[in-house]
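I opened this notebook to keep a record of what I looked up, entry by entry. Each entry begins with a question or a topic and then gives what I found.

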Amino acid sequence: MAVPKRKTSRSRTRHRRSQWKAQAPDLVPIVVDGERKLVPRALVRHFQQS
């Protein structure tokens, strides 16, 4: 198992973490009960079943 030889500094760790950014889900327009809604693509099936 790989083990780090040195402790990473607090500054280095925080710089690495600050580069990560969450992406907003791509919203898809669908019609539910005659009303147009924006829904995440992964949940489209759920709205079409009900």
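In which helix is R12 found? I looked it up in the model, which is a predicted one, and found R12 in helix α1, the helix that covers residues 10-18.

Entry on the positive patch. I noted that R12 counts as exposed, because its relative accessibility is 59% and exposed starts at over 50%. I then looked for charged company on the surface and found a patch of positive charge in which K7, R10, R12, R14, R16 and R17 gather. K7, a member of that patch, is found in the segment before α1, and at 81% relative accessibility K7 counts as exposed.

Entry on the start of the chain. I placed M1 in the segment before α1, and I recorded M1 as exposed, with a relative accessible area of 97%. I then took two C-alpha separations to P25: for M1, 24 residues apart from P25 along the chain, I read 36 Å, and for K7, 18 residues apart from P25, I read 36 Å.

Entry on salt bridges. How many salt bridges does the structure hold? I found one, and it is formed by D26 with R41, whose closest N and O atoms are 2.9 Å apart. I placed D26 in the loop between α1 and β1 and R41 in the loop between β2 and α2 (44-49), so the pair ties together parts that are 15 residues apart in sequence. As for the surroundings of the two partners, D26 counts as partly exposed at 43% relative accessibility, whereas R41 is exposed, with a relative accessible area of 53%.

Entry on V39. Is V39 buried or exposed? I found that V39, which lies in strand β2 (residues 35-40), counts as buried, because its relative accessibility is 3% and the cut-off for buried is under 20%. I listed its contacts, leaving out residues up to four places away in sequence, and found that V39 touches D26, L27, V28, I30, V44 and F47. D26, the salt-bridge partner of R41, is thus also listed among the contacts of V39, and I noted that the C-alpha atoms of V39 and D26, 13 residues apart along the chain, are separated by 8.2 Å.

Entry on D33. Where does D33 lie? I found D33 in the loop between β1 (27-32) and β2, and I flagged its backbone, since D33 has a positive phi of about 55° although it is not a glycine. I also noted that D33 counts as exposed, at 79% relative accessibility.

Closing entry. I come back to two residues that I would keep side by side on the page: V39, which is buried, and D26, which is partly exposed and which V39 touches.

Definitions and conventions: Residues numbered from 1 in each chain as written. Predicted model: local features only at pLDDT ≥ 70, side-chain atom pairs only at ≥ 80, totals over all residues. Heavy atoms only, no water. Helix = DSSP H or I, 4+ residues; strand = E, 2+ residues; numbered from the N terminus. Buried < 20%, exposed > 50% of the residue type's maximum accessible area, 1.4 Å probe, protein only. Contact = heavy atoms within 4.5 Å. Patch = residues over 30% accessible without salt bridge, like charges linked within 9 Å, V, L, I, M, F, W, Y side chains within 5 Å. Areas by Shrake-Rupley, 256 points an atom, 1.4 Å probe, with all protein chains shown as cover. Salt bridge = Lys/Arg side-chain N within 4 Å of Asp/Glu carboxyl O. Lys, Arg positive; Asp, Glu negative; His and termini not counted. Charge placed at Lys NZ, Arg CZ, Asp CG, Glu CD.
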